[in-house]
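Here are a few short exercises to work through with the model open beside you. Try each task before reading its solution.

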Amino acid sequence: MRIVDARVIVCSPGRNFVTLKLVTEDGLYGLGDATLNGRELAVVSYLQDHVVPLLIGRDARRIEDTWQYLYKGAYWRGGPVGMTAIASVDMALWDILGKAANVPVYRLLGGASREAVMVYGHANGKDVEETVAATAHYLELGYKAVRAQCGIPGLASTYGVGRGGMFYEPAEPGLPPENVWSTEKYLSFVPSLFARLREEFGPEPHLLHDVHHRLTPIEAARLGKALEPCHLFWMEDPVPAEVQDGFRLIRHHTTTPIAVGEVFSSIFDCRHLIQEQLIDYIRSTVVHAGGLTHLRKIAHLAEMYRVRTGCHGATDLSPVCMAAALHFDLSVHNFGIQEYMRHTDETDQVFPHAYSFEDGYMHPGDAPGLGVDIDEALAAQYPYARAYLPVNRREDGTAHDW
Ligand code: CS2
Ligand code: MG
């Protein structure tokens, strides 16, 4: 089953996506998401200029060997660009293998460990009452878990509050938008948001919050402690993920569960956090952590330490990644939760898929392979448009984490 063609498809149905399409001599093809929000063309070049020439002629069934060949063969291994490129190859090969065996990929991963996959939605609002109303909407749609993000009094903009009621896209065309940040304003506000949400909805709904890398360890410890009465499902990215020692300090002060990992590229980025049980959920996902082949290894390490998965699933991960993640989620033993930030209608039209949502849960479907396709003619109608993620600056102008 030789690979005879490999194409990188760039499109922008509401936001930029990069998709790798591998075709075998048997006429089968597989898809891989290669999207890296704000740096998409770096992955396009890594694939087109360096990886594609290595794939032509390879046996598509040698998935692990292809992964090792591309990872070790790079010499300059790891990192978000290279691992996103390898991930897209890996996803496409699993897709092809499923199609060749005429089974959905989750069956190749060991079969279903559950009937469906619990997902979380994204309530956001410019103020508390708008966020309460948005949370109510997601609960009415059947979600058991809702992430809440809210405008901060005194700040003009902040992460997680954007356009559109059912989806959130932070990247903007043109130069990076600049947000003004105040840790003091944020820390004095967020506990009141979740106290209000618990007052409104009681103890049952799973409530999540994404700190989005913006605190120092002691500030995150203070926030985690303040949120304890609200029993969050998780507090995400409390500090920048590279501040790994900081997680020890946070853990020392609070029992609020911690999730981290969407920016990680490999098991080496999270090994200590998992082994020292400094986190409760690992957020790494298929497109940025080396594909299904590598993500399974991260999950198996995490299982030994009772750390559960909580794959990233924002709008900038394409339906190809969402499909692959759902096959992984359905099968992996130590599944925790799956992020499900809905894509726009035009995105779903470009990427028809078998996965479905019902009453707070999702299922990848039983189509052979990943169960997702790309309409290349339609994709061509949405040309790439450079877009950047925002930059954060403190009120005095100092650059800050966004
Ligand atoms: C966020 C993302 O979904 C999340 O948890 O951290 O929205 C993140 O900001 C984007 O994926 C960045 O491209
Ligand atoms: Mg996040």
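pLDDT is the predictor's confidence in each residue, on a scale from 0 to 100. You will want it at hand, since this is a predicted model.

**Exercise 1. Confidence**

Find which elements of the chain have the lowest and the highest mean pLDDT.

*Solution.* Begin with the whole chain: its mean pLDDT is 97, and 99% of its residues reach 70 or more. Then go element by element. Strand S6 (residues 172-173) has the lowest mean, 90, and strand S3 (residues 29-33) has the highest, 99.

**Exercise 2. The magnesium site**

Identify the protein donors of the magnesium ion (ligand 2) and describe their spacing along the chain.

*Solution.* Step one is to list the donors: Asp210 (OD), Glu236 (OE) and Glu262 (OE), at 2.0 to 2.2 Å from the ion. Step two is to read off their spacing, which is D-x25-E-x25-E. Step three is to place two of them: Asp210 belongs to strand S8 (residues 206-210), while Glu262 sits in the loop between S10 and H9, so this pair, 52 residues apart, links distant parts of the chain. Finally, check accessibility: Asp210 and Glu262 are both buried.

**Exercise 3. Around ligand 1**

Work out which residues come nearest to ligand 1, and look for side chains with polar atoms by its oxygen atoms.

*Solution.* There are 15 residues around ligand 1, and Asn37, His212, Glu262, Arg283 and Glu339 come nearest. Next, take the polar pairs one at a time:

- Glu339 has a polar side-chain atom 2.5 Å from an oxygen atom of the ligand.
- For Glu236, a side-chain N or O atom is 2.9 Å from a ligand oxygen.
- For Arg147, the corresponding distance is 3.4 Å.

Two residues link this exercise to the previous one: Glu236 and Glu262 are also donors of the magnesium ion.

**Exercise 4. One side of a helix**

Which residues of helix H9 (residues 267-275) are buried, and what covers them?

*Solution.* Start with the buried residues: Ile267, Cys270, Leu273 and Ile274. They lie on the same side of H9, because they cover an arc of only 130° around the axis. This fits a general rule: an α-helix has 3.6 residues a turn, so residues three or four places apart point the same way. Now look at the cover, which includes helix H8 (246-253), strand S10 (258-260), strand S11 (281-282) and helix H10 (291-304). Last, step just past the end of H9, where Gln277 adopts a positive phi of about 55°.

**Exercise 5. A glycine in a helix**

Is Gly82 buried or exposed?

*Solution.* Locate Gly82 in helix H3 (residues 80-101). Its relative accessibility is 7%, and therefore Gly82 counts as buried, the cut-off being under 20%.

Methods:
Residues are numbered from 1 along each chain as its sequence is written. Chains are lettered from A and ligands numbered from 1 in the order in which they are written. This is a predicted model: local features need pLDDT of at least 70, side-chain atom pairs count only at pLDDT 80 or more; totals for chains, interfaces and linings use all residues. Side-chain values use heavy atoms; hydrogens and water are left out. Buried means under 20% relative accessible area, exposed over 50%, partly exposed in between (1.4 Å probe, protein chains only). Helices (H or I, at least four residues) and strands (E, at least two) are DSSP runs, numbered from the N terminus. The arc is that of the directions from the helix axis to the C-beta atoms. Contact means heavy atoms within 4.5 Å. Donors are N, O and S atoms within 2.8 Å of the metal (3.2 Å for Na, K and Ca); water is not among the atoms, so sites may look incomplete. A residue is near a molecule or strand if one of its heavy atoms lies within 4 Å of it. A polar contact is a pair of N or O atoms within 3.5 Å; within protein, one must be able to donate a hydrogen and the other to accept it, and residues adjacent in sequence count only if both atoms are side-chain atoms.
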